[in-house]
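Please open the model in your viewer and keep the selection panel at hand. The tour begins with the whole chain and then turns to a single element.

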Amino acid sequence: MIRRALVVALLIAVAVPLLLAMSQLPPHGSPDTPPNTHVSPYYLEHGAEEGGAENIVTAVILNYRGFDTEGEVTVIFTSMAAVLAVLMLAKPDRAPRVAPTPELPVSVVVRFIVRVLAPFIAMFAIYVILNGHVTPGGGFQGGTILGALVIALSLVLSREDADALLPRKPEHLLQAAAPIAFFLVGMAGLLYWGEYLYFPRDEAQRWIGVLMLTIIEIGIGVGGACVLIRIFRAMRTE
Amino acid sequence: MSTIFDITLILLLIACSVAVVRLKDLLAATVVFSTYSLTMCLLWLHRGAPDVAMTEAAVGAGITTVLFLIAISRTTGRER
């Protein structure tokens, strides 16, 4: 009873300062707050011609905040390595304490629907990746859809067919596709314009900027998909 | 109208999160959690963030659910 009261008191002690701080925040979307009076209008006015992307989110993520995103994709890759390291710590001689439930046969309905929808999902994922600079979406979103598609397919296909979807050998390279694509594009900027991760700004070289954005988007998409598939496989077979 | 829609979604979110904590059956909790993600996805879309909505639908409702299901299939599936 005393313990319960202590927990409630602690929760209130944490909640009250947080709620007080929240009440001091400017209203959501207010045009008079500092973030909305300096940086945002600039991005909105110049993003389309400077950033090489009509979708302002992509222009900010890949162009204005390119360094942040490069760090983020490296974090995703590193976290996959950490997850795999934890999953592979389990020694083969240490048998699981609970017997895993036997694999049930997949229902005919699920198998049929996944197989029929698969090409359309794949096309949608590729569309989202390649159109990231025009429409909402991009590498992260399309890559996740692609990864989810392969996971869904490997639930309904036989083990050999599922493994053939992403062979073991190129998998290791493809998992690192996002940092590699960022590094290559960044180095291209360093060698050609003398600035790491430089995107050309004038109208004549616009297509080069779009090409660089597309390379990064494809890298992020392929890398993200492979990371998700790898974690799924490690959890399933371990 | 728009505010009513938002409030409905937020109430659904609160109901889902309470249910996830209270449910003893982990399979049911996973399904409710994926409902939470889909509601969140609608909310993102309604607040004008289609990028985040797509990520939420694919990661939150799709992939995390699959990973949770695999984890449950390797345990007893009940919370003690």
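Colour chain A by secondary structure, bearing in mind that this is a predicted model, and you will find eleven helices and zero strands, so that the pattern read along the sequence is α-α-α-α-α-α-α-α-α-α-α. Because its radius of gyration is 23 Å, well over the 18 Å that the globule rule gives for 238 residues, chain A is more spread out than a compact globule. If you draw a box along the principal axes, the C-alpha atoms of chain A fill roughly 60 × 60 × 35 Å.

Next, switch on the surface of chain A, which exposes about 14,900 Å², with carbon and sulfur atoms supplying 71% of that area; of the 238 residues, 34% count as buried. Selecting the charged residues brings up 16 positive and 19 negative charges, whose mean positions lie 17 Å apart. For a contact map of chain A, consider the pairs at least 6 apart in sequence: 68% of these contacts join residues at least 24 apart.

Now select helix H4 of chain A, residues 56–64. Which of its residues are buried? They are Thr58(A), Ala59(A), Leu62(A) and Asn63(A), and because they cover an arc of only 100° around the axis, they sit on the same side of H4(A).

To see what lies over these buried residues, add helix H3 (39–50) and helix H5 (66–89) of chain A, both of which are part of the cover. Then add helix H10 (177–193) and helix H11 (206–237) of chain A, which are also included in what covers the buried residues of H4(A).

Conventions: Residues numbered from 1 in each chain as written. Chains lettered and ligands numbered in written order. Predicted model: local features only at pLDDT ≥ 70, side-chain atom pairs only at ≥ 80, totals over all residues. Heavy atoms only, no water. Buried < 20%, exposed > 50% of the residue type's maximum accessible area, 1.4 Å probe, protein only. Helix = DSSP H or I, 4+ residues; strand = E, 2+ residues; numbered from the N terminus. Arc of directions from axis to C-beta. Contact = heavy atoms within 4.5 Å. Rg over C-alpha atoms; globule rule 2.2 N^0.38 Å. Areas by Shrake-Rupley, 256 points an atom, 1.4 Å probe, with all protein chains shown as cover. Lys, Arg positive; Asp, Glu negative; His and termini not counted. Charge placed at Lys NZ, Arg CZ, Asp CG, Glu CD.
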